[in-house]
Amino acid sequence: MSGPPIAPDDAPSLVLGIETSCDETSAAVVERRGDAFTLRSLVILSQDVHRLFGGVVPEIASRAHLTRVVPVTRRALDDAGVAAGELDAVAVTHAPGLVGALLVGMSYGKALAFAAGRPVIGVHHMEGHLFATVLEHPDAVPPFTGLLVSGGHTLLLDVDAWGSYRLLGATRDDAAGEAFDKVAKLMGLPYPGGRVIEQLAREGDPTRHRFARPMVRANQTLGDDDYFDVSFSGLKTGLLHAVRRAEAAGTLDEERPHLARGFQDALIDTLVEKTYRAARAFGRTRVVLGGGVACNRALVEAVRARVAPRGATVYAPTPRLATDNAAMIAAAGAWRFAHGERSGWDLNAYAAREIPGLTRTTTRDTPDSHGNTLPPN
Ligand code: KG4
Ligand code: ZN
């Protein structure tokens with residue numbers, strides 16, 4: 001990163017965001033004034049074709065982005081009433097994601113920025129998810145505990161300032177959304193599975209199937225290396241066995257809602273416990289959820305039920321901003337722009353990359369000394 005002088009932090013800026021990391025072609029215009037982010041426009045085109053294959057087919061995704069990225073961006077600029085020349089910067093997702101898909105958005109974003117004489121800023125997709133909530137909830141600003149739950153990632157972060165992310169925990173195997181999608185497949189449900197399972201689970205009996213809560217033990221303490229981590233592969237295997245039993249008994253159709261409920265309750269309990277631990281360890285009174293799984297109302301309500309009585313507020317984006325979208329990329333890009341960041345024209349795409357500003361901590365140096373405002377249980 002290099003470039004022109006650092007813009008004053010509070011200078012207003014208008015940023016176009018482009019997101020093509022997976023199966024949504026999206027463009028948005030966001031205006032930033034100081035700490036306030038205003039969504040001027042957002043266009044999201046979902047590539048429904050992947051449902052036929054039960055998962056995202058990379059080459060089909062790239063080709064669909066290629067045919068749609070120009071009209072989608074045009075539409076976002078028109079909806080905002082902004083000409084390319086009026087933009088301050090173009091922010092584009094450059095990692096992580098499907099490389100072929102990323103390259104499409106990046107090539108177009110660079111060309112547009114180049115033609116308009118504006119800088120391009122590469123944005124990390126998961127940092128984008130952290131910025132989604134502030135577009136709807138102006139108070140969803142650091143310091144906060146961040147739980148990012150998407151199809152590819154499950155990250156528990158302590159965010160003391162934008163750009164400064166302390167990684168507390170992550171999944172040891174499947175991401176939360178991936179677990180929803182795989183379990184849906186096991187039960188013969190369509191892709192993506194999260195929304196379908198949530199709907200089915202509403203009808204399910206919570207006492208019928210009880211699965212073990214992964215990585216949650218009564219005697220865990222702050223020094224344990226699995227204190228904040230999660231793991232969902234054992235839960236998935238437990239579900240597989242239960243599905244097989246139901247199939248053998250010919251009862252899968254009637255068991256589906258109960259299985260969905262048992263699975264969802266176990267996954268949510270785990271995420272809630274870890275999130276609560278993180279907020280408590282750092283004395284945070286704000287919890288920000290992000291990523292596609294944050295669409296899940298049962299999850300949001302369960303986190304709220306756990307931390308609200310202890311004085312913390314939970315912020316979650318609406319589904320449009322929780323799932324992949326370019327508004328979150330524009331917001332993160334606008335913040336980076338205001339802090340002087342510019343990417344070079346040689347900006348590249350990466351399938352996997354760490355969020356910039358991420359630090360790791362062993363739980364041993366996690367400060368209980370930050371002052372626990374959230375009392376234990
Ligand atoms: O953040 P996202 O749109 O894309 C990635 O960056 O991965 O997340 C997609 C994931 C999928 O796994 C999908 O099943 C899950 O979010 N998802 C949900 C719900 N809606 C979407 N999971 C649980 N409950 C939902 N209501
Ligand atoms: Zn995402």
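Buried means under 20% relative accessible area. Keep that cut-off handy for these exercises on a predicted model.

**Exercise 1. Find the protein donors of the zinc ion (ligand 2), and work out what the site joins.**

Step 1. Start at the metal. His 125 and His 129 each offer NE2, and Asp 324 offers OD; these donors lie 2.0 to 2.1 Å from the zinc ion (ligand 2).

Step 2. Now read the spacing along the chain: the donor residues follow the pattern H-x3-H-x194-D. His 125 belongs to helix α3 (residues 125-132), while Asp 324 sits in the loop between α9 (319-322) and α10 (327-338), so this pair ties together parts that are 199 residues apart in sequence.

Step 3. Apply the opening cut-off: His 125 and Asp 324 are both buried.

Step 4. Which word describes the arrangement of the four donor atoms, tetrahedral or irregular? Four donors count as tetrahedral if all angles lie between 85 and 135 degrees. Here the angles run from 94 to 141°, which makes the arrangement irregular.

**Exercise 2. Decide whether His 124 is buried or exposed, and list its contacts.**

Step 1. Locate His 124: it is in strand β5 (residues 120-124).

Step 2. Its relative accessible area is 5%, so His 124 is buried.

Step 3. Leave aside neighbours within four places in sequence. His 124 then contacts His 94, Ala 95 and Pro 96, along with Arg 353, Glu 354, Ile 355 and Pro 356.

**Exercise 3. Take apart the largest nonpolar core.**

Step 1. Recall the background: in soluble globular proteins, nonpolar side chains tend to be buried together.

Step 2. Pick out the best-connected members. The core has 51 residues, and those touching the most other members are Met 187, Ile 197, Phe 263, Leu 267, Leu 271 and Leu 289.

Step 3. Ask which element gives the largest share of this core. That is α7, with 14 residues.

Step 4. Follow Leu 289 outward. Beyond its neighbours within four places in sequence, its contacts include Thr 133, Leu 147, Val 300, Val 303 and Tyr 315.

Step 5. Look for another core. A second, separate one has 40 residues, among them Leu 130, Met 328, Ala 332 and Leu 358.

**Exercise 4. Describe the surroundings of ligand 1.**

Step 1. Of the 20 residues around ligand 1, Gly 151, Asp 181, Glu 198, Gly 292 and Asn 296 come nearest.

Step 2. Check the backbone. A backbone N or O atom of Gly 292 is 3.0 Å from an oxygen atom of ligand 1. For Gly 194, the corresponding distance is 3.1 Å. A polar backbone atom of Gly 177 also lies 3.1 Å from an oxygen atom of the ligand.

Note on methods:
Residues numbered from 1 in each chain as written. Chains lettered and ligands numbered in written order. Predicted model: local features only at pLDDT ≥ 70, side-chain atom pairs only at ≥ 80, totals over all residues. Heavy atoms only, no water. Donors = N, O, S within 2.8 Å, 3.2 Å for Na, K, Ca; no water. Tetrahedral: all angles 85-135°; square planar, octahedral: opposite > 155°, others 65-115°. Helix = DSSP H or I, 4+ residues; strand = E, 2+ residues; numbered from the N terminus. Buried < 20%, exposed > 50% of the residue type's maximum accessible area, 1.4 Å probe, protein only. Core = buried A, V, L, I, M, F, W, Y, C linked by side-chain atoms within 4.5 Å. Contact = heavy atoms within 4.5 Å. Near = heavy atom within 4 Å. Polar contact = N/O pair within 3.5 Å; in protein donor to acceptor, adjacent residues only side chain to side chain.
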